[in-house]
Amino acid sequence: MQAYLDQATSSWGIQVERVEVKDVRLPIQLQRAMAAEAEAAREARAKVIAAEGEHKASRALKEAAEVMNECPAALQLRYLQTLNTISAEKNSTIIFPLPIDFLQHFVDRSSNSQQQRAA
């Protein structure tokens, strides 16, 4: 832009220092292309922010797992805290997950009593 202005004004002995553009009219296709590019840039930034959030959440979960691994009572306390939260929501059904090892004791006891009855 400076070269065009210098070419037109140098023969008159005038040097243009600054130009202020007040009104620019762009073709509709160019406006749409610029809008699409801006939208793509916003979506890309949103994806980066979401990925950073997922990364931080996964690190926090890893740290929580390490703490619970060091102290098994922490897992039991977290379980009880979750049950307390569920009960505060006034749900009608609460499912208690039990370890299979815990249930195996009752299965073994039942099969032993059936074998004793058969004998």
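This is a guided walk through the structure shown above, from the whole chain down to single residues.

Let us start with what kind of model this is. The structure is predicted, and the predictor's confidence in the protein chain has a mean pLDDT of 84, with 90% of the residues reaching 70 or more. That confidence varies along the chain: helix H2 has the highest mean, 94, while helix H4 has the lowest, 69. Where pLDDT is low, the predicted coordinates should not be read in detail. Keep that in mind when your eye reaches H4, with its mean of 69.

Now look at the overall layout. The protein chain has 4 helices and 0 strands, so as you read along the sequence you meet the pattern α-α-α-α. Helix H1 covers residues 2–9, H2 covers residues 28–70, H3 covers residues 72–88, and H4 covers residues 100–118. Of the 119 residues in the chain, 3% are buried. The chain exposes about 11,400 Å², and carbon and sulfur atoms supply 58% of that area.

Begin the tour in helix H1, where you will find Thr9. Is Thr9 buried or exposed? Its relative accessibility is 12%, and because buried means under 20%, Thr9 counts as buried. Which residues does Thr9 touch, if we leave out those up to four places away in sequence? The answer is Ile14 and Val16.

Moving on, we come to the loop between H1 and H2, which is the place of Val24. Val24 has a relative accessible area of 55%, which means that it is exposed, since the cut-off is over 50%. Val24 also belongs to a nonpolar patch on the surface, together with Met1, Val19, Val21, Leu26, Leu30 and Met34. Together these residues have about 650 Å² of accessible area. On either side of Val24 in the numbering, you can find a charged pair: Arg25 forms a salt bridge with Asp23, and their closest N and O atoms are 3.5 Å apart. Both partners, Arg25 and Asp23, are exposed.

How many salt bridges does the model have? The count comes to 3, and besides the pair of Arg25 and Asp23, we can visit two that involve residues of helix H2. In one of them, the side chains of Arg42 and Glu39 meet with an N to O distance of 2.7 Å. Both residues lie in H2, 3 residues apart, about one turn of the helix. Arg42 has 43% relative accessibility and counts as partly exposed. Glu39, at 35%, is partly exposed as well.

Further along H2, Lys62 and Glu66 form a salt bridge, with N and O 3.9 Å apart. Why does this pair count as a salt bridge? The cut-off is 4 Å, so a distance of 3.9 Å falls within it. Lys62 and Glu66 are 4 residues apart in the helix, so about one helical turn separates them. At 54% relative accessibility Lys62 counts as exposed, whereas Glu66, at 40%, counts as partly exposed.

Next comes helix H3, and here you can try a small check of your own. H3 has 17 residues, and at 1.5 Å a residue it should span 24 Å. The expected span uses one less than the number of residues, because that is how the span is defined. In the model, the end C-alpha atoms of H3 are 25 Å apart, which agrees with the expected span. After H3 comes Lys90, whose phi is positive, near 55 degrees.

The last stop is the loop between H3 and H4, home to Ile94 and Phe96. What does Ile94 contact, apart from its neighbours within four places in sequence? Its partners are Leu83, Ile86 and Ser87. The C-alpha atoms of Ile94 and Leu83 are separated by 8.2 Å, although the two residues are 11 places apart along the chain. Ile94 has 31% relative accessibility, so it counts as partly exposed.

Phe96 has its own contacts, again leaving aside neighbours within four places: Tyr79 and Leu83. Along the chain, Phe96 and Tyr79 are 17 residues apart, and their C-alpha atoms are separated by 9.8 Å. Notice that Leu83 appears in both lists, as a contact of Ile94 and as a contact of Phe96.

Key
Residues numbered from 1 in each chain as written. Predicted model: local features only at pLDDT ≥ 70, side-chain atom pairs only at ≥ 80, totals over all residues. Heavy atoms only, no water. Buried < 20%, exposed > 50% of the residue type's maximum accessible area, 1.4 Å probe, protein only. Helix = DSSP H or I, 4+ residues; strand = E, 2+ residues; numbered from the N terminus. Patch = residues over 30% accessible without salt bridge, like charges linked within 9 Å, V, L, I, M, F, W, Y side chains within 5 Å. Areas by Shrake-Rupley, 256 points an atom, 1.4 Å probe, with all protein chains shown as cover. Contact = heavy atoms within 4.5 Å. pLDDT = per-residue confidence, 0-100.
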